[in-house]
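I opened a fresh page for this chain and wanted to keep my notes in the order in which I looked things up.

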Amino acid sequence: MTVESMTFNEWLPVIFIGIMGLAVLIYAVLDGYDLGVGILLPMQNEDESQRDTMIASIGPFWDANETWLVLAIGILLIAFPIALSQIMLSLYIPVAIMLIGLIMRGVAFDFRAKAAVDHKLTWDRVFKSGSLLTTLSQGYMLGQYVMGFESGWQAQMFSLLSALGVTAAYSYIGAAWLVMKTESDLQKRAIAWTKRAGRATLLGVLAVSLVNPLVNPGVFDRWFTYPLVMFVLLIPTLTFAGFVVNDRLLSRLPKENDRHCRVPFFITVGIFLLCFSGLAFSFFPEIVPGKLDIWEAASAPESLTFILVGAAIVVPLILAYTAFSYYVFWGKATELKYH
């Protein structure tokens, strides 16, 4: 099949995998930073005011950020139902753990302000634990996806490594978010967190980048086939440069008048985009690695055509209210209010 010979019906699965990929990428960035903030919450009694500021920085956004996860799963369910059944068959336990983590975060976020003062620290611990459970389970699922949902010990070890790598990456973008949204002592603390999390994330990215082509011969051929290799190696090169530039910049922050406080966050977003592009290049058009491509897993063209009309309305609306909410609450974090 060539691009020139593809019909509209054959383009439909490509369009939907593109929308699903967009939803996953936006989710990883937006919910990634608020999960990272949850992981980084300091748990000493004297840290209560800093915890309040950290929660306030994500307060207006965190539940709306999860809309993108719902959209991605919804598209997988409706547009690629065969793939969903195969994926869920292998991942139902980590998915259940992820849902428990998300519920813990939602309950703790409200109860930390409404429960007795003596219990506030307990609910903060629940929020932190829920964030950690969510990121570890998502990282484990990513590792299982890369390993083609194999159950051997090598696949399990790689999935555990991926769980730690994704948790480090979410901590990285969460700390960079705090550098942008906070001031004074908390901002200095966030700068130190960003540096440490960035170096841990770099190790995770290097490990996954080395293991992935070794365990997937098809991925190795795709990345190291001449002359394509001359272009695609720009992805890891730019990713490594992003880590180095961010680390050097963080060593010079904070600056007078809070200059460049937003740059680490946007460099981290760029790193997320490059890593996601690398994964997409490794596996497209397969939706279940080594087993199923997007055309084999897609719903009937008539169904996809009908769903496309709804997606053309819903996706721009979600993008618009997401952009509007960030426009309204742009600037430094203020006092947290629940009403």
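Is I93 buried or exposed? Before answering I noted that the model is predicted, and I then found that I93 has a relative accessible area of 51%, so I entered it as exposed, because that term applies over 50%.

I next looked up where I93 sits, and its place is in helix α5. I93 also belongs to a nonpolar patch on the surface, which it forms with M88, Y92, I97, I100 and L133, and together these residues have about 540 Å² of accessible area. Helix α5 gives the most to this patch, with five residues.

I then turned to the course of α5, which covers residues 81–114. A straight helix of 34 residues would span 50 Å, whereas the end C-alpha atoms of α5 span only 41 Å. Looking along α5, I found a kink of about 75 degrees at L91, shortly before the proline P94.

For a second helix I checked α6, residues 120–146, where the 27 residues should span 39 Å at 1.5 Å a residue, and the end C-alpha atoms are 40 Å apart, which agrees. Just after α6, I noted that G148 takes a positive phi of about 70 degrees.

Last, I consulted the UniProt record, an unreviewed entry, whose annotation "transmembrane region" covers several spans, including residues 91–109, 200–220 and 304–329. In the model, residues 200–220 are 95% helix and 0% strand, with end C-alpha atoms 25 Å apart. Residues 304–329 are 96% helix and 0% strand, and their end C-alpha atoms lie 36 Å apart.

Technical notes:
Residues numbered from 1 in each chain as written. Predicted model: local features only at pLDDT ≥ 70, side-chain atom pairs only at ≥ 80, totals over all residues. Heavy atoms only, no water. Helix = DSSP H or I, 4+ residues; strand = E, 2+ residues; numbered from the N terminus. Expected span 1.5 Å × (residues − 1). Bend = angle between axes of the 7 residues up to and from the residue. Patch = residues over 30% accessible without salt bridge, like charges linked within 9 Å, V, L, I, M, F, W, Y side chains within 5 Å. Areas by Shrake-Rupley, 256 points an atom, 1.4 Å probe, with all protein chains shown as cover. Salt bridge = Lys/Arg side-chain N within 4 Å of Asp/Glu carboxyl O. Buried < 20%, exposed > 50% of the residue type's maximum accessible area, 1.4 Å probe, protein only. UniProt positions renumbered as here; feature names shortened; annotations may be inferred.
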